[in-house]
Amino acid sequence: MFSKSKINEPGHKPDEGKTAAMDAPKSPVGDYKPATPAAPKAKPPASVLSQDLHVTGNIKTTGDIQVEGTVEGDIRAHLLTIGESATIKGEVIADDVVVNGRIVGRVRGLKVRLTATARVEGDIIHKTIAIESGAHFEGSVQRQDDPLNGGRAKPGQQPGQPGAAPAPAAAQQNG
């Protein structure tokens with residue numbers, strides 16, 4: 001009798017152990033699945049437009065672009081790098097813009113950097129700007145807190161005032 005209960009109890013415990021063992025592999029598999037969604041959060045590599053590519057039309061992405069060829073159209077991106085051999089004829093809008101090549105058109109960016117090999121013919125609207133010695137630039141430079149939103153940034157900066165009033169008021173305060 002004493003031995004029968006020992007035989008029955010271990011017989012039930014290994015079954016329970018097998019169930020626990022079966023559950024144990026499921027838990028790591030379940031833990032592994034949440035790691036898979038983390039992979040799409042990783043930043044994808046920049047799209048590269050090679051030197052021999054000529055694009056006519058607008059380009060828009062939320063990612064990064066490196067242009068080495070020619071684009072006739074507007075470009076909107078998160079990080080835009082204009083290579084030394086690149087030529088852009090159109091408006092450029094990006095959070096970060098690094099210009100090593102040529103742009104004919106307006107540049108809008110939170111951070112704009114013109115390297116020594118840059119050639120820009122157009123206005124630059126920025127939050128922060130860096131222009132290296134040797135860069136060629138023809139146009140005007142204007143600082144805005146939100147340069148990515150076009151002309152809407154000025155009224156948003158000084159609400160309640162007429163559109164023409166903020167510029168003279170700012171000039172009187174600074175001058």
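Colleague: Which side chain does Glu-91 meet in a salt bridge?

Modeller: The side chain of Arg-108, at 3.2 Å from N to O. This is a predicted model, and the distance was computed from its atoms.

Colleague: Where do Glu-91 and Arg-108 lie in the chain?

Modeller: Glu-91 is in the loop between strand 7 (87-89) and strand 8, while Arg-108 is in strand 10. The two are 17 residues apart, and the pair links distant parts of the chain.

Colleague: Is Arg-108 buried or exposed?

Modeller: Arg-108 is buried, because its relative accessible area is 6% and the cut-off for buried is under 20%. Glu-91, at 22% relative accessibility, counts as partly exposed.

Colleague: Which residues are linked with them in a network of salt bridges?

Modeller: Arg-106 joins Glu-91 and Arg-108 in that network.

Colleague: How many salt bridges does the count come to?

Modeller: Six. Another one of them is between Arg-143 and Asp-145, where the closest N and O atoms are 2.8 Å apart. Arg-143 is partly exposed at 49% relative accessibility, and Asp-145 is partly exposed at 42%.

Colleague: And what does Glu-121 form a salt bridge with?

Modeller: With Arg-119, the closest N and O atoms being 4.0 Å apart. Glu-121 has a relative accessible area of 26% and is partly exposed. Arg-119 also counts as partly exposed, at 37%.

Colleague: Which residues does Ile-103 touch, leaving out those up to four places away in sequence?

Modeller: Both members of that last pair are on the list: Ile-103 touches Arg-119 and Glu-121, along with Val-120. The other contacts of Ile-103 are Ile-82, Ile-88, Gly-90 and Val-92.

Colleague: How far apart are Ile-103 and Glu-121?

Modeller: In sequence, 18 residues; in space, 6.2 Å from C-alpha to C-alpha.

Colleague: Which strand holds Ile-103, and is the residue buried or exposed?

Modeller: Ile-103 lies in strand 9, residues 102-104. Ile-103 is buried, with a relative accessible area of 0%.

Colleague: Back to strand 8. Why is strand 8 said to be largely enclosed by the rest of the structure?

Modeller: Because six of its eight residues, which run from 92 to 99, are buried.

Colleague: What does strand 8 pair with?

Modeller: Strand 6 and strand 10. Strand 6, residues 75-82, pairs with strand 8 in the parallel sense over seven bridges. Strand 10, residues 107-114, runs parallel to strand 8 and is joined to it by seven bridges.

Colleague: Which residues stand opposite each other between strands 6 and 8?

Modeller: Leu-79 stands opposite Asp-96, and Ala-77 stands opposite Ala-94. On the strand 10 side, Val-99 has Leu-114 as its bridge partner.

Colleague: Strand 6 again. How do strands 3 and 4 pair with it?

Modeller: Strand 3, residues 59-60, is joined to strand 6 by two bridges and runs parallel to it. Lys-60 has Arg-76 of strand 6 as its bridge partner. Strand 4, residues 64-67, pairs with strand 6 in the parallel sense over four bridges. There, Gln-66 stands opposite Thr-81.

Colleague: How many helices and strands does the protein have?

Modeller: Three helices and 14 strands. The protein has 175 residues, of which 27% count as buried.

Colleague: What share of the contacts with a separation of 6 or more comes from residues 24 or more positions apart?

Modeller: In this protein, 6%.

Colleague: Now the surface. What area does the protein expose?

Modeller: About 11,300 Å², with carbon and sulfur atoms supplying 55% of it.

Colleague: Which residues form a nonpolar patch there?

Modeller: Ile-129, Ile-131 and Val-141, with about 220 Å² of accessible area together. Ile-131 lies in strand 12, residues 124-131. At a relative accessible area of 44%, Ile-131 is partly exposed.

Colleague: Last topic, confidence. What is the mean pLDDT?

Modeller: The mean pLDDT of the protein is 77, and 62% of the residues reach 70 or more. Over residues 152-175 the pLDDT is below 50. Beyond near neighbours in sequence, that stretch has nine contacts in the model.

Notes
Residues are numbered from 1 along each chain as its sequence is written. This is a predicted model: local features need pLDDT of at least 70, side-chain atom pairs count only at pLDDT 80 or more; totals for chains, interfaces and linings use all residues. Side-chain values use heavy atoms; hydrogens and water are left out. Patches are made of residues with over 30% relative accessible area and no salt bridge: like charges are joined within 9 Å, nonpolar side chains (Val, Leu, Ile, Met, Phe, Trp, Tyr) within 5 Å. Accessible areas come from the Shrake-Rupley method with a 1.4 Å probe; for residues, only the protein chains shown count as cover. Buried means under 20% relative accessible area, exposed over 50%, partly exposed in between (1.4 Å probe, protein chains only). Two strands pair if DSSP finds at least two bridges between them. pLDDT is the predictor's confidence in each residue, from 0 to 100. Contact means heavy atoms within 4.5 Å.
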